[in-house]
Amino acid sequence: MGEISLALVATVGLSALAVLIVIGVIINQYKRCPSNRILVIYGKVGGGRSAKCIHGGGAFVIPVIQDYQFLSLQPMPIEINLTGALSKQNIRVNVPSTFTVAISTDPAIMNNAAERLLGLDERQIKEQAQEIILGQLRLVIATLTIEEINRDREVFLQQVNKNVAAELHKLGLELLNVNVRDITDASGYIEAIGKKSAAEAINKARVEVAEQERFGAVGEAKAVRERTVQVALEATETEKGKKEAERTMRMVTAQLEAEAAIAEAQANRKKTIDIAAERAEAEVGVKRAEAQQRISIAELEAETAAKENMARAAVIESNAMLAERQAAAQQRAEVAKANAEREILIAQRQREKALLEKEELVRQEIEKLKRQVEADAEAERIRRVAQGEADAILLKYKADADGMKQLLLAKAEGYHNIIRACGNDPDTAAKLILLEKLETIVEKQVEAIANLKIDKITVWDSGGNGDGSSTAHFIRNFVSSLPPLQEIARQAGVELPAYLGSLVDSGANGKTEKTPSRTGTAAPKPTPKEG
């Protein structure tokens, strides 16, 4: 029992140790990439690639089959002391400059760096980049003139960036900055250009100074003139203001004097009016007192008379009121009577009007119903007539169809009997029927020329050439213009008797000619014949 426990403890201990070892290996092989470096894992990385580059984060490096290294992203300044480079004008120039490069973090370029720069120190990387930069810088300078290099420095730097950067990408580097210092040449061309530009600038400045001085003098003169004019205008305005003030003062003085005179006159007039008014008012008071006295006397007399009159008027008023009441009563009676009669007449008129309207309405309704009845009757009559005509036409067509049907049935039965009489031979029956119609066919042929009106026919009979006279030819051709009876019978499958003639082939035009049963002879001499 003790041996089993020891073995179990040993197994557990070994298993735990193995797990710890595996964990330690995993931790040790997981590589984290700093932000200023690129983790390059090489070996068997899959995808047909030679290395896997990681910027940021981390990755697990499989022991034995993979390994790793770091590439620094630290910028690397490269001093380029380019001397004696030929420009487009074949003038040698010195272009000292400083290029700052670094390993790119672009995935494609980063792989190039992993393939070409892994394991190299900074000095070796600078040497490789320096050779490329020198070559491309010479190439760019050869395409530009000294004026273009010196004057348009931005375009020059863009072309340098464009050419150098493309070549550096092949190494896995990225061009960060280009700083071109003074550009010089051994022949002094750039210095001469500088002196020329300085002289042009100085001359231009002098011209501009002279222009500005001229502008200043002109401006000063204009300012003096404007000041003089403005002073004169101001003096004129001042004098004008003084005159206007004096005039205003005189006008105001005169107006005040006039107003004073008017006020004095108005005061005197008012004084006179007030005195007259006081006097008139005193006189009015006297007259008013006298009138008041007379009025009082008259009022007393009138009051006395009024009382007497009131007494008499009361009597008269009483009588008048009695008469008015009697008249009003009579008037109300008359009005009531007239209103009653008017109401009676209105009622009678409305009654008569209602009766007339009722009669007119009844008459109109009767007329309307009458027209409707007549229209319905006319429509019914037309419909019945049309229906009758349609029925008659339908019955006629049905009768015609029945007659035709009966006729065709009778013909079919007759043809059937004929075929049966011919021993059920349809050809013999057809020939028999055609023979019955032969006379009718001949009649139709005769009718074809029966209505021809021929006033005169002249035939010059020259005696013929051995096959008959011209007259005989004319008659034969005339007869041949008719539909050949033999041809009709032949198409129907009937062979006519020989005494009815036969068809012969003309031979020349492939047509057949009808040969009569008897051929006549004509006189050999030409004899005109008329008919």
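This report walks through a predicted model, from the whole chain down to a few single residues.

**Ground rules and overview**

Because the model is predicted, local features need pLDDT of at least 70 and side-chain atom pairs count only at pLDDT 80 or more, while totals for chains, interfaces and linings use all residues. Numbering starts from 1 along each chain as its sequence is written, and side-chain values use heavy atoms, with hydrogens and water left out.

The protein chain holds nine helices and 13 strands; these are DSSP runs numbered from the N terminus, with helices being H or I of at least four residues and strands being E of at least two. Of its 531 residues, 16% count as buried. Here buried means under 20% relative accessible area, exposed means over 50%, and partly exposed is in between, using a 1.4 Å probe and protein chains only. As for contacts (heavy atoms within 4.5 Å), take those between residues at least 6 apart in sequence: 65% of them join residues at least 24 apart.

**The three-stranded sheet**

Let's start with an open sheet whose three strands come in the order β3-β2-β5, with antiparallel pairing. Strands count as paired if DSSP finds at least two bridges between them. The edges belong to β3 and β5, each with a single partner strand, so one side of each has no neighbour in the sheet. From one strand to the next, the twist averages 25°. For angles like this, axes are lines fitted to C-alpha atoms (for helices, over the stretch in contact), and the values run from 0 to 180 degrees between N-to-C directions.

On one side of β2 (residues 37–43), seven bridges tie the strand to β5 (residues 66–72) in the antiparallel sense; I38, for instance, has L71 of β5 as its bridge partner. β2 is also joined to β3 (residues 51–54), again antiparallel, by four bridges. There, I41 sits opposite K52, and Y42 faces A51. Helix α2 (residues 107–116) lies across β2, β3 and β5, running at about 125° to β3.

β5 also carries an aromatic pair, Y68 with F70, and a search of the whole structure finds just one such pair. Rings of Phe, Tyr and Trp (its six-membered ring) pair if their centres lie within 6.5 Å; planes under 30 degrees apart are called stacked, over 60 edge-to-face, and the rest tilted. Y68 and F70 are edge-to-face, at 5.8 Å centre to centre and 80° between the planes. Y68 counts as partly exposed because its relative accessibility is 26%, and F70 is partly exposed too, at 27%.

Just ahead of β2, N36 is in the loop between β1 (30–32) and β2. Leaving out residues up to four places away in sequence, N36 touches L71, S72 and L73. Its C-alpha atom is 6.9 Å from that of Q74, although the two residues are 38 apart along the chain.

**Two helices packed together**

Two packed helices are described by the angle between their axes and the distance between the axes. For α3 (residues 122–142) and α5 (residues 153–171), the axes come within 9 Å and cross at roughly 145°. The crossing is right-handed, a label used when the near helix is turned clockwise from the far one by less than a right angle, with anticlockwise being left-handed. On the α3 side the contact includes I132, I133 and V140, and on the α5 side F156, V160 and L168 are among the residues involved. By class, 12 residues in this contact are nonpolar, four are polar and one is charged. Nonpolar covers Ala, Val, Leu, Ile, Met, Phe, Trp, Tyr, Cys and Pro; charged covers Asp, Glu, Lys and Arg; the others, Gly among them, are polar.

**Single residues worth a look**

T100 lies in β7 (residues 92–103). Beyond its neighbours within four places in sequence, T100 is in contact with P75, M76, P77, E174, L175, L176 and N177.

N90 and N424 are non-glycine residues with positive phi: near 60° for N90 and near 60° for N424. N90 sits in the loop between β6 (76–86) and β7, and N424 in the loop between α6 (189–421) and α7 (426–450).

Here is how four of these residues compare in accessibility:

| Residue | Relative accessibility | Class |
|---|---|---|
| T100 | 19% | buried |
| N36 | 41% | partly exposed |
| N424 | 57% | exposed |
| N90 | 61% | exposed |
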